[in-house]
Amino acid sequence: MVEKIFTIEDQNMFAKLSGDYNPLHVDEIAARRYLFGGTVVHGIHMALWAMDEWLKVHPQPIILKSFKAVFKKNLPVKEKICIRFIHDEKDRFELELSGQGQIYAMIHGQYSVGSNSSLTGGNLVFPPQETCTLLCPENIVKEKGQVELFFGKETAARLLPYVQQYCDPEQIAQILASTRMVGMKCPGLHSIFSELDLSFEVLNSSDRLFHYQVEAFDDRFSSVEIKVKGPSAEGIVKAFIRPLPIKQTSFSELRSLVDPFEFKEQRALVIGASRGLGEVSAKLLAAGGARVMLTYFRGREDCAGVVADIKAGQGQAEMSYFNVLSPDETAGNEINQFQPTDIYYFATPHITANRNQFSAKLFNKFTEYYVTGFFNTVELIFKKTISVKKIFYPSSIFVGDAPLSLGEYSAAKSAAETLCSWMRKIKKNIFIFAPRLPKMATDQTVTIIPEDRVDPGPVILKYLREFESLCLNK
């Protein structure tokens, strides 16, 4: 069984080859706010790599009669994937890509042995790097267009050596054009490639374009079906429009909910405040008169935007880099200078759902943030300052009723509640509050199928006030 771990370097090389520079695949900072919480491998990259490994075992020139790739799950960059040859006959192949107990893709091909190298001239270069189109769902049913065919032979030889050596370059150019169409043109920026189904014929067309036209759009599932036709291929592409990142309520809007002096005694350190519930909490605290320090790990620009929003409304805010997985002395010194009275801990990885079985790897990832990271962060802060009086640790309602797909997350949050209970016994002068928060509208809870989400502003404010009240009455 062949295994591979796709790296961001692999992704950048495939983007150069295909012209699909969608940030979901190549921008680690932007992708953290998208549906999957990070960069994912191009589906066509997975499919062509699988065919490349098959050709490595069966080295012979082939002409594809059909090529179908069904993408069942998105593969995060840096995750291991395996190929299994399900059917391997003289005129067809079927390949399964799987990992972590899940099937990521199924690849089917029919072929004949022989060669037909028909792509020539200026097309043996790279596609231009363009900006992703942003299509509105209501307009997508009218969308049609075309993309040119390209096949960068040298890069293909490095990335997909057997495909480059044994496949018709025009056929591969058309497969590559499908990912550029989806990721850059239609649906464009907020797309997810779901399925490619092409049939090939040996033609002598002078049209070096890959044409597309939307056939159907289902707004219930944000799904798009696109008819495609190239010089020697035609078929169907299926894709989804993924939801936009959640934009949290502005500081000026949240300020209307808050008494301007209700948190004025706080110097609040908000760990993980560049987005989501941490962002909302920082804004509410600043709106109530607190001086806040926001920390970020990867989202520096996002955090700077939150600080600027607070300052524009005359709130007091500053920011600092902090990695809860490896809290260092430099970060501790900045926190010491700030002298926080309150710690709010919102650091989190992407909350990955897992429907098949309990994953120790996923559970460990959650506990690194929610248990070990939390404890080490608190210990570093206490080593640097004696000003902290209370800690807000957000737990989850899923501790009490774990959804089937969130067993690892729920178990890690339960372990964190146990840790909070233990810390209360050894840090008797510190008040630790660990409320079980409901599901709210953040990047972590967004789904392809539209769902109603609770606005976090009023909900978080309720718990911030309860935190303050309980501490005063303690």
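## Aromatic cluster, helix H11 and backbone details

Tyr344, Phe346, Phe392, Phe431, Phe433 and Phe467 are joined into a cluster by ring pairs. The model is a predicted one. Across the structure there are 24 aromatic pairs.

Two of these pairs deserve a closer look. Phe375 and Trp422 make a tilted pair, with centres 6.1 Å apart and 50° between the planes. Phe375 sits in helix H12 and Trp422 in helix H13 (residues 407–426), so this pair ties together parts 47 residues apart in sequence. Phe375 is partly exposed, at 23% relative accessible area. Trp422 is also partly exposed, at 43% relative accessibility.

The other pair belongs to the cluster. The ring centres of Phe392 and Phe433 lie 5.8 Å apart with the planes at 70°, so the pair is edge-to-face. Why does that angle give this label? Planes over 60 degrees apart count as edge-to-face, and the angle here is 70°. Phe392 is in strand S15 (residues 390–392) and Phe433 in strand S17 (residues 431–433), so the pair ties together parts 41 residues apart in sequence. Both Phe392 and Phe433 are buried.

**Overall build**

The protein contains 14 helices and 18 strands. Its C-alpha trace spans about 80 × 45 × 40 Å along the principal axes. Of its 474 residues, 54% count as buried. Among contacts with a separation of 6 or more, 73% come from residues 24 or more positions apart. The exposed surface is about 20,800 Å², and carbon and sulfur atoms supply 50% of it. Charged side chains number 54 positive and 54 negative, and the centres of the two sets lie 5 Å apart.

**Helix H11**

Which residues of helix H11 (residues 329–338) are buried? They are Ala331, Gly332, Ile335 and Phe338. These residues cover an arc of only 110° around the axis, so they lie on the same side of H11. The general geometry fits: an α-helix has 3.6 residues a turn, so residues three or four places apart point the same way.

The face turned away from the buried side carries the exposed residues Thr330 and Gln337. The cover over the buried residues of H11 includes strands S11 (267–271), S12 (291–296) and S13 (316–321), as well as helix H12 (360–384). H12 is also the helix that holds Phe375 of the tilted pair. Just after H11, Gln339 takes a positive phi of about 55°.

**Backbone details in loops**

Two other residues have a positive phi although neither is a glycine. The table sets them out.

| Residue | Phi | Loop | Relative accessibility |
|---|---|---|---|
| Lys78 | about 80° | between strand S2 (62–71) and strand S3 (80–88) | 55%, exposed |
| Gln100 | about 50° | between strand S4 (92–99) and strand S5 (102–113) | 34%, partly exposed |

Why do the labels in the last column read as they do? Exposed means over 50% relative accessible area, and partly exposed runs from there down to the 20% limit for buried. Lys78 is at 55% and therefore counts as exposed. Gln100 is at 34% and therefore counts as partly exposed.

There is also a cis peptide bond. It runs from Cys186 to Pro187, with omega near 0°. Where does Pro187 lie? Pro187 is in the loop between helix H7 (169–185) and strand S7 (191–200).

Methods. Residues numbered from 1 in each chain as written. Heavy atoms only, no water. Helix = DSSP H or I, 4+ residues; strand = E, 2+ residues; numbered from the N terminus. Buried < 20%, exposed > 50% of the residue type's maximum accessible area, 1.4 Å probe, protein only. Contact = heavy atoms within 4.5 Å. Areas by Shrake-Rupley, 256 points an atom, 1.4 Å probe, with all protein chains shown as cover. Lys, Arg positive; Asp, Glu negative; His and termini not counted. Charge placed at Lys NZ, Arg CZ, Asp CG, Glu CD. Arc of directions from axis to C-beta. Phe/Tyr/Trp six-rings, centres within 6.5 Å; stacked < 30°, edge-to-face > 60°.
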